[in-house]
Amino acid sequence: MRVVQVGKFYPPEYLGGLETVVVNLNTELVRRGIGVTAVVSAVRGRGGADTYGGVRVVRARSYGTVLSQPLTPGLPRLVRGSPGDLVHLHHPNPLGDLAVVGDRRPLVITQHSDVVRQRALAPFYGPIVRRALERARFVAIGSEQLLRTSRELRGFEAKARVIPFGIDSSRFAATPAVLEREGALRAAWGERPVVLSVGRLVGYKGLDVLLRATATLDATVVIVGTGPEEARLRSLAGKNAVFAGKVSEEDLIAHYHAADVFCLSSVTMAEAFGIVLLEAMACGKPLVTTALPTGVSAVNRDGVTGLVVPPGDSGALREAISSLLADPARRAKMGRAAREVQVREYGAELMGERYFGLYEEAMG
């Protein structure tokens, strides 16, 4: 079997939540002997073809981005010209939607999220999305919660299959090198407990809410990531905030292990799942998240793996974080439960197995 994965970007140029899912899935497919070609947009410049993790990666020439969407008019041609028995589109991806509409091979779509921030463009973009969904044999989605709330999937529920995303938890092991780096980080941050957040510095992440919630806490708040909101967030931050910027994959693992609590303070449905939650869980960390009607609420079980608060409520967020920081035994118990849930339900191997079965059914 040969699969053409149609995504937005691909490492090593860029690695976000969607890209992490695609890379983890492709790793499992390659391990099963499946040939994989990933057709994506170059972050910038001419693009080209290379190999990453056993996957042939074809990058379409980029002319920049508009509203977070890459301008790569050559993407549809590259998708249709890539050999494969089945096409797997990762949505949202406007040019990807356009490409698969004109392709006649069996199609599977993964609905990572509805288009949220660019919803004003729905009259123009919506018909293309619907044509792609009509052509798909199956539409995979990461959680029951997002399936129930997705506007774009209304009318296509019969095609939907819930396949939770997964990660390889062994990558997040506390190796001697990780523990050494963890110790260095804790020493640099001081003796106070650590609240960690990881993600792009954009509005829907609710990092302004997190900074307000933790401004008076006796804790260090570490924010890993970069983005257009950085200057504004720095202006809101108190002396207990650390902006770590972009870090390497190895350093990120040490950051997770150095934290006492992991917080995802997102405020809109643009946060459709939160792969960073799985990464923190793999490191045995308790979670504090917001009650979004998406996969975030599927991953974090309130009172078991962490605590859940209303989106945008800085007071409730402060209270939840404070209660965990004040109770090491509760933190440890929730951290153990978080790791157990991640290993049992959100592993990369399980995700790969489920997608392989879906591919076989789609081709049959």
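## Exercises on strands, cores and a buried histidine

Val139 of strand E9 has Ala160 in E10 as its bridge partner. That pairing opens our tour of this predicted model, and the first exercise starts from the same strand.

### Exercise 1: Around E9

Work out how strand E9 (residues 138-141) is paired, and which way its side chains point.

**Solution.**

Step 1. Begin on the E10 side: E9 and E10 run parallel and are joined by 3 bridges. To get from E9 to E10, the chain passes through helix H5 (residues 144-149), making a right-handed β-α-β crossover.

Step 2. Now turn to E8. This strand is parallel to E9, with 4 bridges between the two. Here Gln111 has Ile141 of E9 as its bridge partner.

Step 3. Finally, look at the side chains. Phe138 and Ala140 point one way, Val139 and Ile141 point the other way, and all are buried.

### Exercise 2: The sheet as a whole

In what order do the 8 strands of the open sheet follow one another, and which strands stand at the edges?

**Solution.**

Step 1. Walk across the sheet: the order is E3-E4-E2-E1-E7-E8-E9-E10, with mixed pairing.

Step 2. Check the ends. Strand E3 (48-52) and strand E10 (160-162) each have a single partner strand, so one side of each lacks a neighbour in the sheet.

Step 3. Add the twist, which averages 25° from one strand to the next.

Step 4. Zoom in on one pair. Strand E2 (residues 35-41) and strand E4 (residues 55-60) run parallel, joined by 5 bridges. Within this pair, Val40 stands opposite Arg59 in E4.

Step 5. Place the helices. H1 lies across E1, E2, E3, E4 and E7, and runs at about 155° to E7. H3 also packs on the sheet, where it touches E1, E7 and strand E8 (107-111), and its direction makes about 155° with that of E7.

### Exercise 3: Two cis peptide bonds

Find where Pro12 and Pro92 are placed, and describe the peptide bond leading into each.

**Solution.**

Step 1. Pro12 sits in the loop between strand E1 (2-6) and helix H1 (17-31). The bond from Pro11 to Pro12 is cis, and its omega is near 0°.

Step 2. Pro92 belongs to the loop between strand E7 (86-91) and helix H3 (94-101). The bond from His91 to Pro92 is cis as well, with omega near 15°.

### Exercise 4: An enclosed strand

Why is strand E11 (residues 194-198) described as largely enclosed by the rest of the structure?

**Solution.**

Step 1. Count the buried residues, using under 20% relative accessible area as the cut-off. In E11, 5 of the 5 residues are buried, so the rest of the structure largely encloses this strand.

Step 2. Split the strand by face. Val194, Leu196 and Val198 lie on one side, Val195 and Ser197 on the other, and every one of these is buried.

Step 3. Identify the partners. E11 runs parallel to strand E12 (residues 220-224), with 5 bridges joining them; Val195 stands opposite Val221 in E12. E11 also pairs in the parallel sense with strand E14 (residues 261-264), over 2 bridges, and there Leu196 stands opposite Phe262.

Step 4. Trace the connection: E11, helix H7 (residues 207-214) and E12 form a right-handed β-α-β unit.

### Exercise 5: Cores, and a histidine in H9

Which residues have the most contacts inside the largest nonpolar core, and is His257 buried or exposed?

**Solution.**

Step 1. The largest nonpolar core has 60 residues, and Tyr256, Phe262 and Tyr355 have the most contacts inside it. Helix H10 (residues 275-282) supplies the largest share of this core, 7 residues. Another core, of 29 residues, lies apart from it, with Val6, Ala60, Val115 and Leu147 among its members.

Step 2. List the contacts of Tyr256 beyond four places in sequence: they include Phe172, Leu196, Val198 and Phe262.

Step 3. Move on to His257, which is found in helix H9 (residues 249-258). Its relative accessibility is 11%, so His257 counts as buried.

Step 4. Look for its polar partner. The His257 side chain reaches the backbone oxygen of Phe172 at 2.8 Å.

Step 5. Complete the surroundings. Setting aside neighbours within four places in sequence, His257 is in contact with Phe172, Ala173, Ala174, Val178, Glu182, Cys283 and Lys285. Among the contacts of Tyr256 are Phe172, Cys283 and Lys285 too.

Conventions. Residues are numbered from 1 along each chain as its sequence is written. This is a predicted model: local features need pLDDT of at least 70, side-chain atom pairs count only at pLDDT 80 or more; totals for chains, interfaces and linings use all residues. Side-chain values use heavy atoms; hydrogens and water are left out. A nonpolar core is a set of buried Ala, Val, Leu, Ile, Met, Phe, Trp, Tyr and Cys residues joined through side-chain atoms within 4.5 Å. Buried means under 20% relative accessible area, exposed over 50%, partly exposed in between (1.4 Å probe, protein chains only). Contact means heavy atoms within 4.5 Å. A polar contact is a pair of N or O atoms within 3.5 Å; within protein, one must be able to donate a hydrogen and the other to accept it, and residues adjacent in sequence count only if both atoms are side-chain atoms. Two strands pair if DSSP finds at least two bridges between them. A crossover is right-handed if, with the strands pointing away from the viewer, the path from the first strand over the helix to the second runs clockwise. Axes are lines fitted to C-alpha atoms, for helices over the stretch in contact, and angles run from 0 to 180 degrees between N-to-C directions.
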